[in-house]
Amino acid sequence: AALAVATSPENAFEADAGVWTQDAGTLALTVSSDGLLRNTTYILSFWLRNPASEQPGVVVTLSGVVDAGDSDDALGVAQTGAFHSPVLSAAMTSANESRLSVDDSAAPLTIFAPAFVVRGVGQSTPLIDASNILSVTLQSNCDLEGGTTLTLAGLVATQTETGTLAVSSNPAESCLASGAWNQSGGTLVVTAASGGLLRNAT
């Protein structure tokens, strides 16, 4: 299947796309007519959807075939496209920066599952008919970006009608100031504010 690519400098590869083979995990690209110049750095980026389960990073290799030009054979007959030179396969250097505050997670296809390593809940009063403040304590194993939604479920048999509930957070403004409450389902959906939720912060 064709896979769109973005390059800097622009238009380094034909059609700004490559041929993606999922089973083999390969992306084949054809250099544009301008070629790739010596001592020029080219940056290529493209989208892939990550696997559905955790895995360590993979080793990415690079190889190629260089068009070495046209030539005539001993009889003077043009041998168009007959001469090619291989670029031998070699392992690429993987990035070692952190992503979402997780060490070495910039290496390609290093995949982990976000989770809450601390997840506590309590209340202010057990008395019937009382107004009750529920407090939730969370700590994640990675940064969670702003706009992340969190769902608290199992809060059944309350007298609070479906609607918007006020929410306070500490640190201040970690979450938006209100959440979507569903009485019959016993669920409250809250949204992380623009600053997100930081790894190892309670």
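Me: Leaving aside its neighbours within four places in sequence, which residues is Val-102 in contact with?
Reply: The model is predicted, its residues are numbered from 1 along each chain as the sequence is written, and local features need pLDDT (the predictor's confidence in each residue, from 0 to 100) of at least 70. Side-chain atom pairs count only at pLDDT 80 or more, while totals for chains, interfaces and linings use all residues, and side-chain values rest on heavy atoms, with hydrogens and water left out. Taking contact as heavy atoms within 4.5 Å, and setting aside neighbours within four places in sequence, Val-102 is in contact with Phe-112, Asn-141, Cys-142 and Arg-199.

Me: How many residues make up the largest nonpolar core?
Reply: A nonpolar core is a set of buried Ala, Val, Leu, Ile, Met, Phe, Trp, Tyr and Cys residues joined through side-chain atoms within 4.5 Å, where buried means under 20% relative accessible area, exposed over 50% and partly exposed in between, with a 1.4 Å probe and protein chains only. In soluble globular proteins, nonpolar side chains tend to be buried together. Here the largest such core includes Val-102, Cys-142, Trp-181 and Leu-197, and its full membership is 10 residues.

Me: Is Phe-112 buried or partly exposed, and what is its relative accessible area?
Reply: Phe-112 is found in the loop between E7 and E8, strands here being DSSP runs of E with at least two residues, numbered from the N terminus. Leaving aside neighbours within four places in sequence, its contacts are Glu-54, Val-102, Ser-105 and Cys-142. Phe-112 nevertheless counts as partly exposed, because its relative accessible area is 26%.

Me: How many Å apart in space, C-alpha to C-alpha, are Phe-112 and Ser-85?
Reply: In sequence, Phe-112 and Ser-85 are 27 residues apart. In space, taken from C-alpha to C-alpha, the separation of Phe-112 and Ser-85 is 40 Å.

Me: Which strand has the lowest mean pLDDT among the elements of the protein chain?
Reply: Over the protein chain the mean pLDDT is 92, and 93% of residues reach 70 or more. Among its elements, E4 has the highest mean, 98, whereas the lowest mean, 90, belongs to strand E7.

Me: How many bridges pair strand E6 with E7?
Reply: None of the eight residues of E7 is buried, so the strand is hardly covered. Two strands pair if DSSP finds at least two bridges between them, and along E6 and E7 Asp-67 stands opposite His-84. Strand E6 (residues 61–67) and E7 are antiparallel, and their bridges number six.

Me: In the open sheet of three strands, which are the edge strands?
Reply: The sheet has the order E1-E3-E4 with antiparallel pairing, and its neighbouring strands are turned by 40° against each other on average, direction ignored, the axes being lines fitted to C-alpha atoms and angles in general running from 0 to 180 degrees between N-to-C directions. Three bridges join E3 to E4, and the partner of Trp-20 in E4 is Leu-27. Pairing on one side only marks the edge strands, E1 (2–4) and E4 (26–28).

Me: What is the omega of the peptide bond from Ser-8 to Pro-9?
Reply: Pro-9 is found in the loop between strand E2 (6–8) and E3. The peptide bond from Ser-8 to Pro-9 is cis, with omega near -5°.

Me: What is the phi of Asp-16, which is not a glycine?
Reply: Asp-16 is found in the loop between E2 and E3, and it counts as partly exposed because its relative accessibility is 30%. Although Asp-16 is not a glycine, its phi is positive, about 50°.

Terms used:
Helices (H or I, at least four residues) and strands (E, at least two) are DSSP runs, numbered from the N terminus.
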